[in-house]
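Here is a short note to read alongside the structure. Take the points one at a time, and keep the picture open as you go.

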Amino acid sequence: MATGIHLPGNDQTIDLQQQVARLQALLEASRQVHSTIREEAVLGAVLRIVVRELEMAGAAFPGTGLSYGEMPDLSADTDHTRALPIYLLQDREGKRMAELVVAPPDSRELTIYEADFIEGLVLQAGVALENARNHERNLQWARVQQDLDAARNIQRSLLPQSLPDIAGYSLAFRSVTCYEVGGDYLDLVEQPDGSLLIAVADVAGKGLASAMMSTSFRAAFRAMAITGPPLGELATRMNEHHWREGEEARRRYVTAIFLRLHPELGKIEVVNAGHNPGFLRFADGTLRQFEAAGTPLGLLPGMRYSSEESVFTPGTRLLFYTDGLTEVFRGEEEFGPERLMDEFSKCPGERADVILDALWATIEDFAEGGPQSDDMTALALCRCAEGTETPS
């Protein structure tokens, strides 16, 4: 004779042997739902266990298209469907993840054993379902990260891979993105007349969208630059091209500063299209800024841009940069363009790479280890003093 326990206030008696069997079945059911890391497989296992182990007529997860056995039409709002037992699968924070609906045979009520079994199964299924969703998120993030790593390598490959060797001049650049990819752009194009065309640009915003626009900007710039148009005309055509790219491109307008260096003549031409001012320091310590001569590219149609000219005598140096260098903070204090110009004017030597190293070190010291909040790109150009060779 089996030993049993009578529940006070209840006509049912728990058969201990039956209870042990139920616990063993629940352990096996728990093993099954935890044996997979696919969400659909977890839910499918729950449905099969409920129907097969408890001999229910059917079970379903509404809204997922998953059901097992014979289920009534849950979309029909009837007394029968409203009376079906419902169990919530919740995550560790108690948030609803899924809803299990059970259809007992002959529309009877669940026994205490069946209800207890389903409650235990649902607890385990909630853990398994959350693990499955976390696993899927991790897989998706890994795929995104892989794509971003590839995009970063591609974007780096689009930067100048070598710098022209210009007798009597020193040229260097540095570009560091805030995220995996960014919207800063820098390029060098040798012109048919022997001059060198340089562009430093910054697409509005940060991240992948700006990086895509930067790549489009590069293609247009190179296609136009190779024909050697006047600098003002180049900026004007770039503005019209970007405007015609459409509404989304206009939201990602581009600030840019263009330079044409005539090495033999010791002369430069500059067009600033809504960009940060370019800094020019002469050998005697005199400073000059190239302020914006027009709006950012793609912001307004029909804009025309004019160029400024300046001598580039021996001992002169130039700095173009994006606003990531000046928008560095220490608490509430911003590094700012004035401090950048002051540090640039004090940098020793005629080597462009040494100047950039000094500026980066100064900015990093100012930030005191704070995170980089924007893409940072800068280009330095120096002309050696008379009687000296090009720095190596």
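**Notes on helix packing, cores and a few single residues**

1. Let us begin with a pair of helices. Helix H8 (residues 336-346) and helix H9 (residues 352-367) have axes that come within 10 Å and cross at roughly 140°. That angle makes H8 oblique to H9. As for handedness, H8 passes H9 in a right-handed crossing. Please keep in mind throughout that this is a predicted model.

2. Which residues make the contact between these two helices? From H8 come Arg-339, Leu-340, Glu-343 and Phe-344, and they meet Ile-355, Leu-359, Thr-362 and Phe-366 of H9. Sorted by class, this contact has 5 nonpolar, 1 polar and 2 charged residues.

3. Stay with H8 for a moment and find Asp-342, which is in this helix. Is Asp-342 buried, exposed or partly exposed? Its relative accessible area is 37%, so Asp-342 is partly exposed: the value falls between the 20% limit for buried and the 50% limit for exposed. Now look for Leu-287: it is 55 residues from Asp-342 in sequence, yet the two C-alpha atoms are 9.8 Å apart in space.

4. Just beyond H9, look at Glu-368, in the loop between H9 and strand S18 (376-383). Its phi is near 55°, a positive value in a residue other than glycine. Glu-368 is exposed because its relative accessible area is 59%, and exposed means over 50%. Ser-107 also has a positive phi, of about 55°, although it is not a glycine. You will find Ser-107 in the loop between S6 and H4.

5. Next comes helix H5 (residues 208-225), which packs with H4 at an angle of about 30°, their axes being 12 Å apart. The crossing of H4 and H5 is left-handed. On the H4 side, Leu-148, Gln-155 and Leu-158 take part, and they meet Leu-208, Ala-211, Ser-214, Thr-215 and Arg-218 of H5. These residues divide into 4 nonpolar, 3 polar and 1 charged.

6. H5 has another partner, helix H6 (residues 231-243): here the axes are 10 Å apart and the angle is about 140°. That makes H5 oblique to H6. The crossing of H5 and H6 is right-handed. In H5, the residues that meet H6 are Met-213, Phe-217, Ala-220, Phe-221, Met-224 and Ala-225. Across from them in H6 are Leu-234, Arg-237, Met-238, His-241 and His-242. By class, this contact has 8 nonpolar, 2 polar and 1 charged residues.

7. Now for the interior. Which residues touch the most other members of the largest nonpolar core? This core has 33 residues, and the answer is Leu-89, Leu-100 and Leu-121. Several elements give two or more residues to this core: helix H1 (16-33), helix H2 (39-54), strand S3 (58-61), strand S5 (86-90), strand S6 (96-103) and helix H4 (112-158). Apart from it lies another core, of 24 residues, with Val-189, Ala-201, Phe-217 and Ala-273 among them.

8. Leu-89 is a good residue to click on. Leaving out residues up to four places away in sequence, its contacts include Leu-43, Phe-61, Met-97, Leu-100, Val-122 and Leu-129. Lys-95 and Arg-96 are also among the residues that Leu-89 touches.

9. Let us compare two alanines, starting with Ala-29 in helix H1. Ala-29 counts as buried because its relative accessibility is 2%, and the limit for buried is under 20%. Not counting residues up to four places away in sequence, Ala-29 touches Ile-49, Phe-117 and Leu-121. Asn-276 is 247 residues from Ala-29 along the chain, and their C-alpha atoms are separated by 65 Å.

10. The other alanine is Ala-199, in strand S9 (residues 196-203). At 1% relative accessibility, Ala-199 counts as buried. Its contacts, leaving aside neighbours within four places in sequence, are Tyr-185, Leu-186, Asp-187, Phe-221, Ile-257 and Phe-258. Between Ala-199 and Arg-218, 19 residues apart along the chain, the C-alpha separation is 9.7 Å.

Definitions and conventions. Residues numbered from 1 in each chain as written. Predicted model: local features only at pLDDT ≥ 70, side-chain atom pairs only at ≥ 80, totals over all residues. Heavy atoms only, no water. Core = buried A, V, L, I, M, F, W, Y, C linked by side-chain atoms within 4.5 Å. Buried < 20%, exposed > 50% of the residue type's maximum accessible area, 1.4 Å probe, protein only. Helix = DSSP H or I, 4+ residues; strand = E, 2+ residues; numbered from the N terminus. Contact = heavy atoms within 4.5 Å. Axes fitted to C-alpha atoms, helices over the stretch in contact; angles between N-to-C directions. Parallel < 35°, antiparallel > 145°, perpendicular 65-115°, else oblique. Left-handed = near helix turned anticlockwise from the far one by under 90°. Nonpolar A, V, L, I, M, F, W, Y, C, P; charged D, E, K, R; others polar.
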